[in-house]
Amino acid sequence: MRARGRAIVATRASADGATTRVMVNGVSGKMGHATACGVVKRAGFELVPYALTKRATAATTDVLGTEVRGVDVGEEDAGETLERAKREYPGFIVVDYTQPDSVNSNAALYVKHGVPFVMGTTGGDRERMLREVKESGNYAVIAPQMGKQVVAFQAAMKLMAEQFPGAFEGYTLTVTESHQSSKKDTSGTAKAIVASFNDLGCGFDLNDIELVRDVESQTGKMGVPEEHLLGHAFHTYRLTSADGTVSFEFQHNVCGRSIYAEGTVDAVGFLKRKVDAKDPKTLYDMIDVLKEGAMGEWVK
Ligand SMILES: NC(=O)C1=CN([C@@H]2O[C@H](COP(=O)(O)OP(=O)(O)OC[C@H]3O[C@@H](n4cnc5c(N)ncnc54)[C@H](OP(=O)(O)O)[C@@H]3O)[C@@H](O)[C@H]2O)C=CC1
Ligand SMILES: O=C(O)C1=N[C@H](C(=O)O)C[C@H](O)C1
C-alpha cells in the first residue's frame with residue numbers, strides 16, 4: 001500500500017537533491033506522531049510511509065496528509081520491513097518512540113539490519129544498549145531528552161559536576177517529576193541529571209525520585225494546565241544545605257511535545273551528516289548534537 005501524500009513529499013524532498021528519509025517507529029503514539037509531523041514539515045526530509053507499530057488496530061496514521069501504514073511487529077517480520085525500506089528508501093534513518101519494554105530489542109533489530117537510528121524512547125537496560133550499539137559500529141543518537149534547551153541545562157549540570165566535583169557535599173536533594181499518567185517509567189532525563197548531582201556530592205538514590213502521575217496532584221500542587229495532562233514533563237530538583245539555611249531549586253516545565261519533536265528532527269539531520277561523512281565516531285547523544293551547533297537547525 002502506498003501513502004496518499006508520498007508523491008508530494010518525494011517531489012519536495014528531491015528538489016534540493018539531498019533527501020533525508022525517515023521511518024518513525026511508534027508513529028501512532030504521541031511522540032512518534034509529533035516527530036513525524038516535524039519530518040514532513042522539514043524541507044528535504046521524506047517520511048517513509050510505513051513504520052513498525054505494536055497493535056494491528058493502529059493500521060494507519062495520518063501525518064499531515066501522509067498516511068503511514070503501521071506494520072504490526074507481532075504479525076509481520078520487523079526485520080523484513082527494515083530490509084524492504086532499505087531497498088525502497090535507501091539511506092533512511094529510523095526514529096524510535098515506542099515503549100521502555102521495546103528499547104533493547106528494537107535497538108538490537110536496527111543494529112542487526114545496519115540501520116542508523118535516533119532512539120528517543122526511554123527505559124530498558126540503557127547500559128546494555130549503549131554497549132551493544134557502540135560495539136556494533138552502527139550509527140545512532142541515543143538520548144532520554146531531545147528538547148535542546150533542556151539538554152543544554154542537562155549539559156550545564158554535567159559541566160558543573162566535572163568542574164566542581166563534590167561542591168554540594170552534605171546537601172540534601174529532592175527530585176519530583178510529573179508526567180502524563182500513561183508514562184510507564186521514571187523519567188530518563190531526571191535519572192541523567194541526578195547522576196550529575198551525585199557527582200556534585202549529593203548521594204541521591206534514584207528510587208527516591210518522586211513520580212507524580214495522578215491528575216489531582218498535577219492540576220493542584222504541580223500547576224499542570226488541564227490541556228497538557230496527556231503530555232507534559234514538570235521536573236523540580238531542590239538542594240538544601242545540612243543546616244537548612246541555603247537552598248537551590250532547578251526547574252524545567254514542558255507542556256506538549258513540540259520541543260522534543262524539533263530536537264529529534266535536528267538529531268536526524270545531524271546523524272545523516274555523520275553517516276554521509278563516514279565519521280569514525282558512531283554513537284552520539286543529544287549533547288553531541290548541541291555541541292555541533294545544531295541549536296538553530298529547526299528554523300532553517
Ligand atoms: N527522548 C525524549 O526527549 C522523549 C522521550 N519520550 C519517550 O518516548 C517514549 C514514547 O512516549 P509516548 O509517545 O508518550 O508514548 P505513546 O504510548 O503515546 O506511544 C508509544 C507508541 O509506540 C508503539 N509501540 C509500542 N511498542 C512498540 C514496538 N515494540 N514496536 C513498535 N511500536 C511500538 C505504541 O503502539 P500501540 O499503540 O500500537 O501499542 C505507540 O504508538 C517513552 O519512552 C517516553 O518516555 C517522550 C518524550 C520525549
Ligand atoms: O515520557 C515523556 O513524556 C518524557 N520522557 C522523557 C523522560 O523520560 O525524561 C523526556 C521528557 O521528560 C518527556
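Begin by selecting Phe-234 and Asn-253: Asn-253, in strand 12, is the bridge partner of Phe-234. The model on display is a predicted one, and the tour moves outward from this pair.

**The four-stranded sheet**

Extend the selection to residues 232-240, which are strand 11; this strand pairs with strand 12 in the antiparallel sense, over nine bridges. Next, follow the chain through the hairpin that joins them. Six residues lie between the two strands, and in this hairpin Gly-244 takes a positive phi near 80°.

Now display the whole sheet. Four strands make up an open sheet with mixed pairing, in the order 10-9-11-12. Strand 10 (210-212) and strand 12 (247-255) each have a single partner strand and stand at the edges, so one side of each is left without a neighbour in the sheet. On average, neighbouring strands here are turned by 10° against each other, direction ignored.

At the strand 10 edge, select residues 172-179, which form strand 9; strand 9 and strand 10 pair in the parallel sense over three bridges. Within this pairing, Thr-176 stands opposite Glu-210 of strand 10.

**The six-stranded sheet**

Turn to the other sheet of the tour, an open one of six strands in the order 2-1-6-7-8-13, with parallel pairing. Its edge strands, strand 2 (45-47) and strand 13 (283-284), each pair on one side only.

Select strand 8, residues 140-142, together with strand 13: the two pair in the parallel sense over two bridges. Ala-140 is found opposite Leu-283 in strand 13.

Two helices are to be added to this view. Helix 5 lies across strand 8 and strand 13, and runs at about 165° to strand 8. Helix 9 (residues 258-276) also packs on the sheet, where it touches strand 1, strand 6 (93-96), strand 7 (117-119) and strand 8; the direction of helix 9 makes about 150° with that of strand 6.

**Helix 5 and its partner, helix 4**

Keep helix 5 (residues 126-136) selected and add helix 4: the two pack at an angle of about 5°, their axes 10 Å apart. Since angles under 35 degrees count as roughly parallel, helix 4 and helix 5 are therefore roughly parallel to each other.

To see the contact itself, show the side chains of Val-103, Asn-104, Ala-107, Ala-108 and Val-111 in helix 4, which meet Arg-128, Met-129, Glu-132, Val-133 and Ser-136 in helix 5. Of the residues of this contact, six are nonpolar, two polar and two charged.

Lys-112 also belongs to helix 4. Is Lys-112 buried or partly exposed? Lys-112 is partly exposed, with 13 other C-beta atoms within 10 Å. A distance drawn between the C-alpha atoms of Lys-112 and Ser-136 reads 8.8 Å, although these residues are 24 residues apart along the chain.

**Helix 3 and its two faces**

The final stop is helix 3, residues 78-88. Which residues of helix 3 are buried? They are Ala-78, Thr-81, Leu-82 and Ala-85. These residues cover an arc of only 100° around the axis, which puts them on the same side of helix 3.

Rotate the view to the face turned away from this buried side, where the exposed residues Gly-79, Glu-80 and Arg-87 are carried. Then rotate back and display what covers the buried residues of helix 3, which includes strand 1 (20-25), strand 3 (50-53), strand 5 (66-72) and helix 4 (103-112).

Key. Residues numbered from 1 in each chain as written. Chains lettered and ligands numbered in written order. Predicted model: local features only at pLDDT ≥ 70, side-chain atom pairs only at ≥ 80, totals over all residues. Pairing = 2+ DSSP bridges. Axes fitted to C-alpha atoms, helices over the stretch in contact; angles between N-to-C directions. Buried ≥ 20, exposed ≤ 12 C-beta atoms within 10 Å, placed from the backbone. Arc of directions from axis to C-beta. Contact = placed C-beta atoms within 7 Å. Parallel < 35°, antiparallel > 145°, perpendicular 65-115°, else oblique. Nonpolar A, V, L, I, M, F, W, Y, C, P; charged D, E, K, R; others polar.
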